[in-house]
Amino acid sequence: MKAYIAGIGIYVPEKVLTNFDLEKIVETSDEWIRTRTGIRERRIVDENTATSDLAVIAAKRAIEDAGVKPGAIDAIILGTATPDMLFPSTACIVQSKIGARKVMAFDISAGCSGFLYGLGIADAMIKNGYDNILVIGAEALSKVMDFTDRATCVLFGDGAGAAVVKKNNDDESGIISSYFASDGSDWKLLHQPAGGSRIPASEESVKKRLHYIKMEGNEVFKLAVRAMIESAIETLKKANLSPKDIALLIPHQANIRIIEATAKRLDIPMEKVYVNLDRYGNTSAASIPIALAEARAEGRIKKGDYVLMVAFGAGFTWGGLLMRM
Ligand code: COA
């Protein structure tokens, strides 16, 4: 028995923020952003929209795509670094808005690895008797972006993706293997300092701009490449497969240079790597489900294909998950 993705849904806000728009906000250029990151534009929520609003639309679409009713959902797992608020969980808000039964609903804080962590948890739950698990990755990162810090504000975007994970007793398709890891020793390289119990909100925390994302881009870059390679190798090892068996690699969409370095080390040609960060930037926990949905819509995934997803995010967290379609 395997757990498989029976339906996917995504939603990105309509408002597009291009590199040229950013040129008017901070001292940067389209050329710098494109050559250093591969990003051309990203989607941004309006001031009245929060993460759960994006998540609800993606979740409803995934449920419809899976051909189930909201009442059939047995658990809701939502990965996000930008919850509507610290508590209650954004997953609970989604539970009530999609008309699910009063089932288990919780957020996971694993940064950009949140969706893959969620799929891993869903896989384990399915093997323990659950069915119809809604896994969501959703972010409104623009709400915590410092639009005076050119080193971070050009990188991120908003969006949501969701999947309904079900039991498969019939054929070979489903989650084959996964690998997850974390290391908190370098947490300071990517974090949002204030708003929690360490530095509660105060006049000073606002004045010092501590409610925004802080990142040491160069250091994060190196760790990301290493972790994505490790994730791919360990996930494939568990399945007794090698990179050449993979039909499509779907990496977390952070930076084209991170993706290219990962693919090169794995000897996977870029034709077999899905990239859409030029249009969305880094949408953190939403990046892999959005990429998976678009790859499917573009016909890049066929029945029987092996698809490998790898992620890396704040924590640091990282991991891989291999699926047979
Ligand atoms: N526009 C123009 N110049 C910029 C800039 C911008 N948006 N952001 C930074 N710079 C400048 C820096 O100030 C620096 O100038 P200096 O040399 O005069 O000090 C110069 O560009 C080089 O900065 P550096 O940080 O060395 O660039 P980089 O090649 O490492 O690229 C990142 C920076 C952020 C694009 C890159 O490090 C990166 O993508 N890191 C990973 C981030 C990430 O993916 N995080 C999420 C992980 S899930």
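Notes on the model

1. Helices (H or I, at least four residues) and strands (E, at least two) are DSSP runs, numbered from the N terminus. On that basis, Ser284 falls in the loop between α10 and α11 (287-297). The model is predicted. Please read the points below with that in mind.

2. Ser284 deserves a look. Its phi is near 50°, a positive value in a residue other than glycine. Is Ser284 buried or exposed? Ser284 counts as buried, because its relative accessibility is 3% and the cut-off for buried is under 20%.

3. The helix that follows this loop is α11. Nine of its eleven residues are buried, so α11 is largely enclosed by the rest of the structure. The buried set runs through Ser287, Ile288, Pro289, Ile290, Ala291, Leu292, Ala293, Glu294 and Ala295. Note that Glu294 is among them. Just after α11 comes Gly299, with a positive phi of about 75°.

4. Asp267 makes a contrast with Ser284. Asp267 also has a positive phi, here about 60°, and is not a glycine. Asp267 sits in the loop between α9 and α10 (277-280). Its relative accessibility is 68%, so Asp267 counts as exposed, whereas Ser284, at 3%, counts as buried.

5. Now the sheets. One is open, has five strands and mixed pairing, and follows the order β1-β7-β6-β4-β5. Which strands stand at its edges? They are β1 (2-11) and β5 (104-108); each has a single partner strand, so one side of each lacks a neighbour in the sheet. From one strand to the next, the twist averages 20°.

6. Inside that sheet, β6 (residues 133-139) and β7 (residues 159-168) run antiparallel and are joined by seven bridges. Gly137 stands opposite Gly161 of β7. Helix α3 (residues 51-66) lies across β1, β4, β6 and β7. The direction of α3 is at about 125° to β1.

7. Another open sheet has four strands, again with mixed pairing, in the order β8-β13-β12-β11. Its edge strands are β8 (174-182) and β11 (248-251); each has a single partner, so one side of each is left without a neighbour in the sheet. Here the twist averages 10° from strand to strand.

8. In this four-stranded sheet, β8 pairs with β13 (residues 317-324) in the antiparallel sense, over eight bridges. Within that pairing, Tyr179 has Gly320 of β13 as its bridge partner. Helix α8 packs on the sheet and touches β8, β11, β12 (306-313) and β13. The direction of α8 makes about 145° with that of β12.

9. Is the length of α8 in order? How far apart should the ends of this helix be, at 1.5 Å a residue? The 22 residues of α8 (residues 217-238) should span 32 Å, and the end C-alpha atoms are 31 Å apart, which agrees. Buried residues of α8 are Val220, Leu223, Ala224, Val225, Ala227, Met228, Ile229, Ser231, Ala232, Thr235 and Leu236. Just after α8, Asn240 has a positive phi of about 60°.

10. Helix against helix next. Two packed helices are described by the angle between their axes and the distance between the axes. For α8 and α9 (residues 256-266), the angle is about 40° and the axes are 9 Å apart. That angle makes α8 oblique to α9. The crossing of α8 and α9 is right-handed. On the α8 side, the contact is made by Phe221, Ala224, Val225, Met228, Ile229, Ala232 and Ile233. The α9 side supplies Arg257, Ile258, Ala261, Thr262, Arg265 and Leu266. Among the α8 residues in this contact, Ala224, Val225, Met228, Ile229 and Ala232 also appear as buried.

11. Please check two cis peptide bonds by eye. One runs from Phe87 to Pro88, with omega near 0°; Pro88 lies in the loop between β4 (75-79) and α4 (90-98). Another joins Gly315 and Phe316, with omega about 0°. Phe316 lies in the loop between β12 and β13.

12. Last, Thr28. This residue is in the loop between α1 (19-23) and α2 (30-37). Thr28 has 18% relative accessibility and therefore counts as buried, because the cut-off is under 20%. What does Thr28 touch, apart from neighbours within four places in sequence? Its contacts are Leu22, Glu23, Ile33 and Val154.

Key. Residues are numbered from 1 along each chain as its sequence is written. This is a predicted model: local features need pLDDT of at least 70, side-chain atom pairs count only at pLDDT 80 or more; totals for chains, interfaces and linings use all residues. Side-chain values use heavy atoms; hydrogens and water are left out. Buried means under 20% relative accessible area, exposed over 50%, partly exposed in between (1.4 Å probe, protein chains only). Contact means heavy atoms within 4.5 Å. The expected span of a helix is 1.5 Å times one less than its number of residues. Two strands pair if DSSP finds at least two bridges between them. Axes are lines fitted to C-alpha atoms, for helices over the stretch in contact, and angles run from 0 to 180 degrees between N-to-C directions. Angles under 35 degrees count as roughly parallel, over 145 as roughly antiparallel, 65 to 115 as roughly perpendicular and the rest as oblique. A crossing is left-handed if the near helix is turned anticlockwise from the far one by less than a right angle, and right-handed if clockwise.
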